[in-house]
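Dear colleague,

Please find below the sequence and the structure that I am handing over to you. My findings follow directly after them.

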Amino acid sequence: MNAGVIGIGRYVPDRVMTNADLEKIVDTSDEWIRTRTGIEERRIADKEMDTSHMAELAADNALKDAEIAAEELDFIIVATVTGDHGFPSVACLIQERLGAKNAVAMDVSAACAGFIYGMITAKQYIETGAYQNILVIGVEKLSKITNWEDRNTAVLFGDGAGAAIISPVSEGRGILSFDMGSDGSGAKHLFQDGPLLYMNGREVFKFAVRKMPESSLKVVEKAGLVKEDVDFLIPHQANIRIMEAARERLGLPPEKMARTIHRFGNTSSSSIPIALVESVKDGKIKEDDVIVLVGFGGGLTWGSVAIKWGK
Ligand code: UT7
């Protein structure tokens, strides 16, 4: 039994915050943000729009795309570090709202690698035959833990949600291989302290430029493929310079990499599924393409999957 993606969906808030808007809040410039990160604007959720609400809207879209009913879900995995509450989980909140009464629900805390951790977890339950349909969501309302006085971090983040339904797919398709890892010794470089996020950008940068290419190559090898077999790369949208490092190591041309960072900034666990939705919508991923999804984040954590696209 191969586990693959049978439906995807995303939600981003309507409110756009541009680099020019940020120039009014902190000592920064559009030029600095563009050249150092690739970000031009990001979406910021209104006060009333909490994390679970964004997750629910993305999930609705994924269920429609997969053409299955919420009652058919066996498991809901929500990757987030900005849940509505310490507990209950966002997964439990949306289980009720979606009417997914047959689903087990839990959150996963792996920061920006969370969606990949969720996908890999889902793969195990599908391939053992334990479950049929698993909803995996990456969702963050980072604006509520952003320190709006710290220019080192305030310019980077945005809010949003992306979802995928993982189910059995036809032979040869689906998630071919995975790689995942954690290094708690780097916890001090990216964490939430009280209500606010703290990051040592340079340290995280160094870790990411090393790990993203390494993990991407590993997952290709584990799938029994070579990098020339890869058709498209979907990296976590944290910084265009980090993304380019991964793309170059895989030897892919610029048009073979998902790029949404200029529009949405770094949306942590939701950046990969949002970029996946955009890439499919723009016709950049075709049936039977080999795609690599790779993420890294606070923990430190990292993970990647190679997928042969299609049901
Ligand atoms: O999603 C997971 C995790 N996060 C990441 O992936 C982030 C990884 N790190 C990065 O993307 C980059 O390190 C940053 C974008 C955060 C920073 O870029 P950098 O090229 O590493 O800059 P830097 O931290 O070395 O700072 C260079 C200069 C400093 O000034 P001095 O000390 O050289 O005078 C900073 O104070 O840029 C200054 N600076 C800014 N200037 C204008 C830092 N932030 C800003 C800003 N606007 N927003």
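**Helix packing**

In this predicted model, helix α3 (residues 51–66) packs against helix α4 (residues 90–98) at an angle of about 55°, and their axes lie 10 Å apart. Two packed helices are described by exactly these terms, the angle between their axes and the distance between the axes. Angles from 65 to 115 degrees would count as roughly perpendicular and those under 35 degrees as roughly parallel; α3 and α4 are therefore oblique to each other. The crossing in which α3 passes α4 is right-handed.

**Backbone features around these helices and further on**

Most residues other than glycine have a negative phi, and most peptide bonds are trans. Three places in the model deserve mention against that background.

- Glu67 is not a glycine, yet its phi is positive, at about 55°. Glu67 is found in the loop between α3 and β4.
- The peptide bond from Phe87 to Pro88 is cis, with omega near 0°. Pro88 belongs to the loop that runs between β4 (75–79) and α4.
- A cis peptide bond also links Gly299 to Leu300, here with omega near -5°. Leu300 sits in the loop between β12 and β13 (301–308).

**The largest pocket**

Where does the largest pocket lie with respect to domain 1 and domain 2? Both domain 1 (2–169) and domain 2 (174–308) give residues to its lining, so the largest pocket lies between them. Its volume is about 990 Å³.

The lining of the largest pocket is made up of 42 residues, and those nearest its centre are Asn152, Leu156, Met199, Asn200 and Gly201. Several elements give two or more residues each to this lining: the helices α2 (30–37), α6 (151–154), α7 (201–222) and α8 (240–250), together with the strands β9 (190–193), β10 (196–199) and β12 (290–297). Which element gives the largest share of the lining? That element is α7, with four residues.

As to the chemical character of the lining, 20 of its residues are nonpolar, 16 are polar and six are charged.

In reading the model, you may wish to begin with the pocket between domain 1 and domain 2, and then turn to the oblique pair α3 and α4.

With kind regards

Note on methods
Residues numbered from 1 in each chain as written. Predicted model: local features only at pLDDT ≥ 70, side-chain atom pairs only at ≥ 80, totals over all residues. Heavy atoms only, no water. 1 Å grid on protein atoms, 1.4 Å probe; cavity = no way out; pocket = protein on both sides within 12 Å on 5 of 7 lines; lining within 4 Å. Points joined across faces, edges and corners; volume = space filled by probe spheres on them. Nonpolar A, V, L, I, M, F, W, Y, C, P; charged D, E, K, R; others polar. Domains from an automatic or database assignment. Axes fitted to C-alpha atoms, helices over the stretch in contact; angles between N-to-C directions. Parallel < 35°, antiparallel > 145°, perpendicular 65-115°, else oblique. Left-handed = near helix turned anticlockwise from the far one by under 90°.
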